[in-house]
Amino acid sequence: TADIFLAFSRSFDDYPDAARFVDYAVDKFRETDGWGGCFDNIVPFDVGIPSELDMYKPKEQSFNTMWVNGPNRHFEKVFRKIQESQDYELMYLMEGDSVPVKANWLDPIVSDIDFHQPFAMLGR
């Protein structure tokens with residue numbers, strides 16, 4: 001099985017528009033048989049990064065060590081949340097700005113995973 005996680009970096013309590021959008025995405029997921037049958041479940045959650053720590057400022061990377069703190073903390077919190085559930089053996093992280101451009105795009109990834117097991121990290 002393959003589940004999709006929708007992870008919001010802040011708190012839904014503080015951003016009701018984000019919560020409504022996620023509810024809309026979940027409804028569409030259910031209406032379309034898991035977006036065409038690609039996924040079995042959709043799991044939305046927030047990770048609660050405070051706004052002052054949720055930063056991504058590429059123009060400041062030469063002098064601000066925190067310039068990429070938001071994405072780094074987001075990855076860490078998402079990974080830990082999935083790991084703590086103990087329901088999954090593998091995780092594929094797809095950046096939020098990635099857009100599949102080909103039908104059945106997930107199949108080669110699953111084949112690559114099956115071929116290279118066991119591994120701790122796969123990809124470039």
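Helices (H or I, at least four residues) and strands (E, at least two) are DSSP runs, numbered from the N terminus. The model is predicted: local features need pLDDT of at least 70, side-chain atom pairs count only at pLDDT 80 or more, and totals for chains, interfaces and linings use all residues. Residues are numbered from 1 along each chain as its sequence is written, and side-chain values use heavy atoms, without hydrogens and water.

**Exercise 1.** Give the order of the elements along the chain.

Solution. Start with the count: 4 helices and 2 strands. Then read from the N terminus: β-α-α-β-α-α.

**Exercise 2.** Place Asn104 and describe its backbone and exposure.

Solution. Locate it: Asn104 sits in the loop between helix H3 (69–85) and H4. Check phi: Asn104 has a positive value near 60 degrees, and is not a glycine. Most residues other than glycine have a negative phi. Check the surface: Asn104 is exposed, at 56% relative accessible area (buried is under 20%, exposed over 50%, partly exposed in between; 1.4 Å probe, protein chains only).

**Exercise 3.** Find the cis peptide bond and its omega.

Solution. The bond joins Gln117 and Pro118, with omega about -5 degrees. Pro118 belongs to the segment after helix H4 (106–116).

**Exercise 4.** Describe the largest nonpolar core.

Solution. Define it: buried Ala, Val, Leu, Ile, Met, Phe, Trp, Tyr and Cys residues joined through side-chain atoms within 4.5 Å. List its 9 residues: Ile4, Phe12, Ala18, Val22, Val26, Phe29, Phe39, Ile42 and Leu106. Helix H1 (residues 16–31) gives the most, 4 residues. A second, separate core has 5 residues, including Phe45, Val47, Val78 and Ile82.
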